[in-house]
Amino acid sequence: MAVKDWINKRGFHIRGRFQKMMRCIWSGQQLRVDDTNASSESLATRDYSVSGYSSRAGEMVETKADSSNIEEAESSLRESGYLNYEEARALLGRLEYQKGNIEGALHVFEGIDVSAVTSKMKVSLSRRCEQNRRRSESEAAPAMSMHAISLLLEAIFLKAKSLQHLGRFGEAAQSCKIILETVESALPDGLPDNFSTDCKLQEILNKAVELLPELWKLAGDPQEAILSYRRALLYYWNLDTGTKAKLEKEFAVLLLYSGAEASPLTLRAQMEGSFVPRNNVEEAILLLLILLRKFILKRIGWDPSILDHLAFALSVSGELRALAHQVEELQPEIMERKEQYRTLALCYYGEGEEIIALNLLRNLLNSRDNLDCVLELLLASKICGENMIYIEEGTTWAREALVGLNGRCWQMVSKANCLLGVLLSAQSRMVSSDSQRNLQQSKTIEVLETAEKLMKESDPYILFHICLENAEQRKLDVALHYAKQLLKLEAGSNVKGYVLLARILSAQKRFDDAETVINAALNQTGKWDQGELLRTKAKLQIAQGQLKNAVETYTHLLAILQVQHKSTGNGKKLLKTKGKWDRGLEMETWHDLANVYISLSQWRDAEVCLSKSEAISPFSATRWYST
């Protein structure tokens with residue numbers, strides 16, 4: 001009679017014998033059902049006493065096995081008639097882990113021969129899945145039952161968790177990786193659809209898939225974490241939608257902020273005709289768009305951080321128009337109207353579409369429903385300050401922002417005063433009367449100085465504009481003081497600070513000092529950012545009568561702009577405002593070079609320069625004047 005039938009027929013008292021079985025598992029032998037005399041002096045006597053247990057005859061185990069462990073033992077005994085060495089250790093290790101004895105559990109788990117059991121599990125999983133596909137009962141039974149596979153995989157998982165608790169993250173990751181490699185090796189095409197019938201095994205796999213990248217992050221290995229996330233998302237693990245969405249979001253965050261450049265996808269993971277990300281940002285954008293699509297299809301709940309990460313990723317890659325499209329497609333209940341309009345205005349402003357951005361803000365600000373719109377008022381006044389047509393409108397909005405703030409946030413009050421000062425400065429240039437202009441300039445300085453006094457910490461934007469206003473009013477000593485402060489505050493990170501300081505020194509006829517400042521800036525600035533510096537250097541050389549040197553400097557500048565223009569398609573996409581500024585700089589450089597050639601009486605060269613300028617923009621007053 002089979003052992004299983006014998007157990008069922010005789011009503012074998014497994015629960016009463018479970019403790020005796022636990023005393024003997026360390027002997028390394030299989031405990032059969034009909035074994036009645038367990039060795040009182042086994043390996044457990046020498047080894048397991050470390051964990052606070054004793055297996056000597058007559059002694060009782062300190063803590064009773066919980067019902068789940070007893071049920072596991074029952075199930076294994078009913079299926080195969082015995083518990084082998086590894087399965088018994090898996091049960092005992094889980095018992096120790098549940099009691100909170102992490103070191104004791106790890107001590108038990110380390111006694112399992114992982115390489116031996118994984119090879120058996122691979123064969124068993126492969127055979128079982130083939131049987132399911134063929135639906136044949138005549139096939140030979142797998143070497144291990146699904147219950148035994150679940151039990152041993154759980155032991156490996158709990159070993160990883162134990163190592164994690166002890167701070168041994170690298171070892172924990174390696175242990176967790178074994179689980180996934182075992183299943184992938186046995187089932188290279190992914191888990192079958194009916195695999196989830198074994199809920200315990202599916203639960204272990206889900207936990208292992210989630211844990212592995214976290215362990216690699218804790219171990220300080222972002223590359224392995226990236227590979228783990230890709231493994232989790234590309235292999236068919238039968239993950240539920242919520243788990244998969246959680247992994248996709250975590251992976252996108254890692255790609256955006258880890259600072260580690262991800263290795264390219266393997267050819268196996270690339271599908272013909274599909275989009276293949278070229279870098280971290282593109283891969284993160286793809287993941288976040290997938291998450292956004294899942295939300296629109298109501299497969300997952302809304303998570304505001306998805307849009308935050310997507311906004312960051314699209315902004316740094318220069319795809320602000322794409323971000324605007326995503327925001328426009330969102331359902332009304334997801335984002336408030338005020339936030340939506342502000343985000344869209346920022347996107348179009350970044351794309352160089354100032355009028356569209358301004359119209360969006362007008363629609364919002366003219367609505368009576370929106371009372372507290374300080375940020376929107378500040379943005380609108382900033383846009384108006386960059387366009388002479390809307391100076392009056394911008395001034396009104398800047399004053400409204402100051403009224404709305406009412407001293408609530410001194411940093412924002414300071415910024416609002418600065419924007420108002422910029423607008424008043426622009427207004428003073430349009431005044432025809434000298435007395436009115438002087439009055440307007442005095443108001444501008446007063447407002448900008450108020451903005452400076454309200455700063456708790458120095459603000460480069462405010463310092464720049466107060467310095468610029470003093471320089472334009474020919475208060476050169478005051479302007480020089482602020483320019484030095486600005487350069488020190490920014491630590492030379494902004495080209496505008498160097499150019500402003502050089503121009504102030506040039507206004508004081510200190511051309512050598514100004515050129516020294518520009519040369520120092522050129523040594524600390526990348527090639528693509530040297531345009532305005534080189535143009536300023538050429539103007540300084542012209543002021544000193546060094547026309548030949550100025551021609552060489554302009555030629556160098558034009559070469560950089562030409563190379564930059566050709567390479568923008570292959571490299572990182574630039575914002576459209578930056579591209580427009582570069583084309584404007586190129587046109588002005590051709591004008592400057594033409595004027596130098598005119599001074600040198602090189603008429604043919606001057607005509608060539610003007611024709612190059614005409615190709616960029618045929619409607620230029622400066623070019624017509626030079627012609």
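Just after helix 26, Gly-545 takes a positive phi of about 80°. The helix that comes before this glycine runs over residues 531-543 in the predicted model. Its 13 residues should span 18 Å at 1.5 Å a residue, and the end C-alpha atoms sit 19 Å apart, which agrees. Helix 26 is also largely enclosed by the rest of the structure, because 10 of its 13 residues are buried. Charged and polar names turn up on that buried list, including Glu-532, Arg-535, Lys-537 and Gln-541, along with Leu-533, Leu-534 and Leu-540.

Helix 12 offers another glycine to look at: Gly-259 follows this helix and has a positive phi, near 85°. At the other end, Asp-240 acts as the N-terminal cap, with a side-chain oxygen 3.2 Å from the backbone nitrogen of Gly-242. Between these two ends, helix 12 covers residues 241-257, 17 residues in all, and reaches 24 Å from its first C-alpha to its last, close to the 24 Å expected.

As for what helix 12 tucks away, its buried residues include Leu-247, Phe-251, Leu-254 and Leu-255, and Glu-248 and Glu-250 are among them too. The buried residues pack against four partners, namely helix 10 (199-218), helix 11 (222-234), helix 13 (280-296) and helix 14 (304-316).

Then there are the cysteines. Searching the whole structure turns up 0 disulfides. Cys-176 has 0% relative accessibility, so it counts as buried. Cys-609 comes in at 3% relative accessibility and therefore counts as buried as well.

How values were computed. Residues numbered from 1 in each chain as written. Predicted model: local features only at pLDDT ≥ 70, side-chain atom pairs only at ≥ 80, totals over all residues. Heavy atoms only, no water. Expected span 1.5 Å × (residues − 1). Buried < 20%, exposed > 50% of the residue type's maximum accessible area, 1.4 Å probe, protein only. Disulfide = S-S within 2.5 Å. Contact = heavy atoms within 4.5 Å. Polar contact = N/O pair within 3.5 Å; in protein donor to acceptor, adjacent residues only side chain to side chain.
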